[in-house]
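Reader: I should like to examine the side-chain contacts of this protein one at a time. Please reason through each reply and close on the value or name requested.

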Amino acid sequence: VLYRASGDVKLLPQIYLDPVDHEHVYVSVKNQVKRVPVSECDTHTDMKACWSAQDPYCVWCVDKKRCTREDECKGSDWLSIPDESQKKMISHRVVEDPKGQIKITIQTHLTVKEEMRSNFSCQFSTTSGRDLQDVIGVRILKDLSCSPQESPVWNKTGVNLTFHIPSTNAKGAVKVCVLLPDGSCHGNAEIIYQSAPICSGIVPSSSWISGKRKVTLHGTNLHFVDGITHDHMHNHVILPRTSSYQNLTYETPAADKTQKSFVSVRVANETLSCTQITYYKDPEFTSFSAVREGKDVRIVIQKKADELNMSTAELSVWGIREEEMHFCSIEGKESSSEIDSISCEIKEIQEVKFNQLESIKLINSSSNFIFMLFALLLIPVIVAVVVVVYQSKQKKLTVKMNRLIEDLELDIRKDIRQGFVDLQTEKADLMENVGAIPFLDYKHFASRIFFPESDRLIRLCIKDIGQDVVTVKLDEGCQSLSKLIQDQLFLTSMVHALEEQKSFTIKDKCSLASLLTVALHSNLLYLTNVMEVLLEDLMHQNSNSQPKLLLRRTQSTVEKLLTNWMSICLYGFLRESVGQHLFLLVSALTQQISKGPVDCVTEKALYTLSEDWLLWQAQDFSSLKLQVLFAVGHDGEVSQPLEVDALSCDTVEQLKEKILSTFRAKFGFPYETPIRDLCVEYEKHGSFVPLQDVDASSEVIGDMKKLNTLKYYQVSDGATIKVISKKDHPPLSPQTSLKDDENFSGKYFHLIAPDVVEDQAKSPERKKLNLKELHLTKLLSTKVAVHSYVENLFNSIWGMPQSKAPHAIKYFFDFLDARADNMKISDPDVRHIWKTNSLPLRFWVNILKNPQFVFDMEKTPHLDGCLSVIAQAFMDCFSLSEIQLGKHSPTNKLLYAKDIPKFKQEVKVYYKQIRDQQPITDTEFKNFLQEESKKHENEFNEAAALKELYRFIQQYFTQIKEKLSQNAAPAELVEQLHHVKDTFDGLKSCSWSC
C-alpha cells in the first residue's frame, strides 16, 4: 500500500518513491497516476553523453559499452561522475622545476569501480613522415570519445598517405594516428573540422543565355568548394576559377531560354544549395558611330537596354578595317530606359571608317545605293500604315478605358449608397438571447488581475478544489515570514530596498506587489495602511516634481499594489452593477462583427470600430438562412432543424462557429462536441456533400490556396446542412484545424487575395476598385449599432447607486484630497488627474480592454481592437484638455468626437457628487475591509506566495539589511529576518510540507 486517503481530499498530493525497487516514483497527473523511472540512462549513447548527463545513478559499463544503472553492470568495470561537479573528464597541469625538468600531473574526474583503479596509464608516442609503407589504416579519435573511427588507406608511399576523412556533426580538432599491423597507433597529427560552405549572394545575379559570364559567389568557407552546378544542367560540374574563404569566381554555363536557375556547390560527395541566378537574352548591339578627335577616333556603340547590368570591365571592343584589328579602350557607359551607350577610344589611327566592331557588321553605304533608294521610297508607305494602325488601336483603347471608368463610377456609387443605407437603417436589435452571464469566481478574477503575464504564479497562488475546504497549515519558515511582513517598518524598508536595485525590473515590482497582496489578503486593513505609506513616499520623491504625472504609469510597486487593491474592493460593485452591461457590450460587438464578411485568415471584418481591422477589400456577399440538422446516434436519425444565419462568403470553419453560437444562444448551454470534431454536409440533389475548407479543387493563386466558401459550394438560401460528430462516425477522418498550421497565413487566403500578378479575366470580381475610405461609414454604422450598450456601460461605471459611491472610491478620493492639502497643492486639475489615474486609468480601462478577466470567454485580436477604441473614448471623457480634430485626425478619435463633451459633463458631476458625499468613517471602512477579507478567506495559497516572496528576500538579503540599518530598525527585527533565512535554508522540501 503506497498511500491511504479518506474523505474528499486530493489523492497523492506528493511524489512517492517506489518502496520496492527504489527506481521509480509515482506522480499524480490529472485523472491518472503515472509510474516514472528515476533515471533514464539508456538514452545516452556514448561515454561522453553518459558522463555529461551528470546523473549520479548512471554509470558507463565497459563490457556492455552502454550507459546503465550501477546494479545492472555487474561483473564489469564501470565509470561514473565524481562527487563534485566537473566540466572536464580529464585535466592536467604542467610544472617546470628549477633544473629544467618538466612534470605533468594528470587527474581523472571520475568515480570508478574499486578493481579498476589500477587500469589507468599514460602513453606517449611520436612518429615522422617516413616509413609509412607498413601503415594499414588511419585512426581518428574525437575528444572524449571511446569509440574511435578508422579509415582505410587508398594510396601510400613511403612519405605520403591518402585516406578518406569521415563526416561528423561537430566542429573542432580531432587527433589522427596511423595503424600498424600489430594494432599499435603512432603519430599525433590533427584534422580540424569546420562548417560547411554557406552562400550569402552572387554578383552579378544574372547571365546571358550563351553563358561564359564571370560571376562571384559570396559567403563563408567557400575555399572548400570543389565545383559548381546549375539545376538546368545538373550533370555539368563547373570548376572554380579562383576561390577564397569568402569569395569564389566561376563562369556560368549556357542555357536554352530565359529562366531562373538554382546554383549549388559540390563539397566532396555532397551537393549544397546555394543561391539562384537569372538568365536573360544575349545583349543586342544595334549600331555604332565613329568621330575623329585629334589623332584618336572616338567610337559610340548603341545597345538595347536590358536587365543584365553589364559593367565596362565585361566589354572588350576592337575596330576592324581591312582585316586589321585596332583595340578600343572603354571610357564609360550611359544608360537610359531604352538604349545603353558605350564609348571607347582607338588611339593614333588615321582612318575613321570601320567595317566591324567585334562581331557586329555594318553595311557599306557606297556599295548599296540601290537598296537605300528602295528604302527611301518604302518609308512613306510604312509611315502611313503605322499611322492608320495607331489611330485604330487608340480608338479601341479609348472605348475600353471609357467603359472601365463607367464601371468604376458605378461601383463607387453603389458602395456609397450602400454605406448610406446601412447608416440610416442600422438598428440596435442585436441582442435576442445571451443566456447566463459566465462570471468568473473571485479568485480567478483576482489572479488574472494580479498576474496577467504569469500563468505559473496563477497556478501557484490559486488553491485547488480539494484545498478550498481544508485549512492548510503553514510550516515554520512560512509562519516566520508571515509574521515578519506584518511589521510595517520591515515591509516598507524591504520594498524601498528592492526598488533601489537596478536589476529589480518593473516586472519584478509588479510580481512583488501581487505576491504581497496574496500573502496579506486576509488582513486588508494592514495592506491598506502599507499602501498609504508607500503612496506618501512616492508623492514626496524628487522624480515627482511634476505632480500631474503621479500614478500615470505602473513603474513602482505601490502603483501595482493600488491596481490590486482597487480590484479587490470593487469586485462586488463590478459584478452587481457593471458586469452585465460589459457582457452585453461584448456580445453586441461580436454579433455586429459577424453580420458582415470576416476574413478567416487576417480576422479583419467589414463591420468594426477599428480602422486597422476594417475589411475594405470585401467582395459582394448575400445573407443565408440555413436549416441545420444534428445527427443523433448511429442510425442516421437527425434532430429538429435549427435556423442559422450565415453569409455566402463564410468559410466552412466560420459556418461551424455560427452553428455552435446559435445553438448556445437558443438552448442556453454549449453543444457537447468541440468544433474540431465536427463535420458539416450540404444536401444537394437528395444526397449530402461534405464541406471542407480546402480540397483538391480549391483555387490557387501563386503558392497560396483560397479557403472554400459557401458560395464556392453553391449553398443557397434555405439550404439544409447536417452536422456530424467525427467521434460518433469513425470512418470520418479526424482532421485538425487548418489554423493549427504555424504557416497558416502564408499558405491560405480567404477574402484578401495575395499580392501576385494574375490573369484578372479568370477572377472578374477582383477587377473591382476597392478604396478604404469608401468603407469608413461601416465604422460609424457599427458605432450606431452598439452605442446604446456603450452608454449604458459608461453610466453604470460613474453611476451612484442610492447617491453613494462605493466605499473604496470615496475613501481613496478623500485620501488623495488630504495628501494634496498636506502638500499645499491647490490646483484642482492636479486632484482631478490623480483621481483619474488611480481609478479610470488604473482599473476601469483594464477591465474594458480585458473582459476575459471578468468572464469565462476568449478575446479575439479583432475584439481587442474594438474594445481599445471604446477604452480610448472612455479615457477621453476624463481628459481636461480640449482635443482639436480635423480631417487628418485618427478615426478612433473622430468616431466618438460628438459624444465626448456630453460624457465629460457627466464625469464632472460624478466627481463633484463623490466630493460632496459625507466622508466615510474609519470604523465603517475598517468593517468593510474586514468583511472583504472574510468573504474571500482561504481562496489563495498563502504559503506559495510567501515562498515566492522569500526568493526576493534571499536574492537581496544584504541590501534589505542595509536599508533596515538606515531606517534605525530595532535589533529584534533584524534577528527575525535572520531567523526567517535560517529556517528557509534549513528546509530541504518546503514545497511538500506547506
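Reader: At what N to O distance do the side chains of K902 and E791 meet in a salt bridge?
Author: The model is predicted. K902 belongs to helix α20 (residues 900-916) and E791 to helix α14 (residues 777-797), so the pair links distant parts of the chain. A salt bridge requires a separation within 4 Å, and the K902 and E791 side chains satisfy this with an N to O distance of 3.7 Å.

Reader: Is K902 buried, partly exposed or exposed?
Author: The buried class lies under 20% relative accessible area and the exposed class over 50%. K902 has a relative accessibility of 43%, and therefore counts as partly exposed.

Reader: Which residue does D18 meet in a salt bridge, and where does that partner lie?
Author: D18 is in the loop between β1 (16-17) and β2 (24-29), and its partner is 17 residues apart from it, in strand β3 (residues 32-37). D18 is buried at a relative accessible area of 5%, whereas the partner is partly exposed at 44%. The two side chains meet at 3.2 Å, N to O, and the partner is R35.

Reader: What is the N to O distance in the salt bridge between K859 and D864?
Author: K859 counts as partly exposed, with 26% relative accessibility. D864 is also partly exposed, with a relative accessible area of 27%. Their side chains meet in a salt bridge with an N to O distance of 2.9 Å.

Reader: Which residues are joined into one network by salt bridges that share partners?
Author: A search of the whole structure finds 32 salt bridges. Some of them share partners, and one network formed in this way joins D817, D821, R831 and K835.

Reader: Which residue offers its backbone oxygen to the side chain of N837?
Author: N837 lies in helix α16 (residues 828-838). Its relative accessibility is 7%, which is under the 20% cut-off, so N837 counts as buried. Beyond its neighbours within four places in sequence, N837 is in contact with K548, L550, L551, R552 and R842. The backbone oxygen reached by the N837 side chain, at 3.0 Å, belongs to L550.

Reader: What is the approximate area of the nonpolar surface patch that includes Y57?
Author: Y57 is found in the loop between α1 (47-52) and β4 (58-61). Its relative accessible area is 43%, so Y57 is partly exposed. Together with L17 and V38, Y57 makes a nonpolar surface patch of about 260 Å².

Definitions and conventions. Residues are numbered from 1 along each chain as its sequence is written. This is a predicted model: local features need pLDDT of at least 70, side-chain atom pairs count only at pLDDT 80 or more; totals for chains, interfaces and linings use all residues. Side-chain values use heavy atoms; hydrogens and water are left out. Patches are made of residues with over 30% relative accessible area and no salt bridge: like charges are joined within 9 Å, nonpolar side chains (Val, Leu, Ile, Met, Phe, Trp, Tyr) within 5 Å. Accessible areas come from the Shrake-Rupley method with a 1.4 Å probe; for residues, only the protein chains shown count as cover. Helices (H or I, at least four residues) and strands (E, at least two) are DSSP runs, numbered from the N terminus. Buried means under 20% relative accessible area, exposed over 50%, partly exposed in between (1.4 Å probe, protein chains only). A polar contact is a pair of N or O atoms within 3.5 Å; within protein, one must be able to donate a hydrogen and the other to accept it, and residues adjacent in sequence count only if both atoms are side-chain atoms. Contact means heavy atoms within 4.5 Å.
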